[in-house]
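Biologist: Could you walk me through this protein? Let's look at it together first.

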Amino acid sequence: SWMCTWETELMNMRATHAMELQFMWGWGEHLEIPETAQFMGDNPPTDLGRIMREYWANFARSGQPSADGQPEWTPHNKTDRPVLLLDAECRMEDDLDGEIRQLWFE
C-alpha cells in the first residue's frame, strides 16, 4: 500500500487526487513550464518521480519494490497496515489514518 503525501504550498491540504502523476511522468522536474509550476508550486521534490519510477520498475523486474537509499516497502498486512508514504522524504508508516478508518466500523 502507498500514498503520495507531498503537499504543495498552493493548496494547504494533503496531496490532491492524482498528484502522484505529476511526479510519475516527470512534470515536477520541469518547473520552467508555467502550467507545471502553477499546479505543483515553487519547490516540488524533483527526485520524487525518479524514486517512484525506481520502486515500480524494480517491482516489475524482481517482484520486490525498492529504490536506492529509500525505505524498504513492507508488504501490506491487516495487523500493522503498513503504508509507504511518497513525499519529499519517503517513509513507512503503520496504520495511516487508523482513527479515520475506525470511524467506518463504529
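Modeller: Helices (H or I, at least four residues) and strands (E, at least two) are DSSP runs, numbered from the N terminus. This is a predicted model, where local features need pLDDT of at least 70, side-chain atom pairs count only at pLDDT 80 or more, and totals for chains, interfaces and linings use all residues. Residues are numbered from 1 along each chain as its sequence is written, and side-chain values use heavy atoms, with hydrogens and water left out.

Biologist: In what order do the elements run from the N terminus on?

Modeller: There are four helices and three strands to place. Starting at the N terminus, they go β-α-α-α-β-β-α.

Biologist: Which element has the lowest mean pLDDT?

Modeller: pLDDT is the predictor's confidence in each residue, from 0 to 100. The protein's mean is 85, and strand E3 (residues 91-94) has the highest element mean, 97. The lowest, 69, belongs to helix H2 (residues 34-40).

Biologist: Which element gives the most to the largest nonpolar core?

Modeller: A nonpolar core is a set of buried (under 20% relative accessible area, 1.4 Å probe, protein chains only) Ala, Val, Leu, Ile, Met, Phe, Trp, Tyr and Cys residues joined through side-chain atoms within 4.5 Å. The largest one has 14 residues, with Trp-6 and Leu-86 among those with the most contacts inside it. Helix H1 (19-24), helix H3 (48-62) and strand E2 (82-86) each give two or more residues. With four residues, the top giver is H3.

Biologist: Is Gly-41 buried or exposed?

Modeller: Gly-41 sits in the loop between H2 and H3. Its relative accessible area is 1%, so Gly-41 is buried.

Methods:
Buried < 20%, exposed > 50% of the residue type's maximum accessible area, 1.4 Å probe, protein only.
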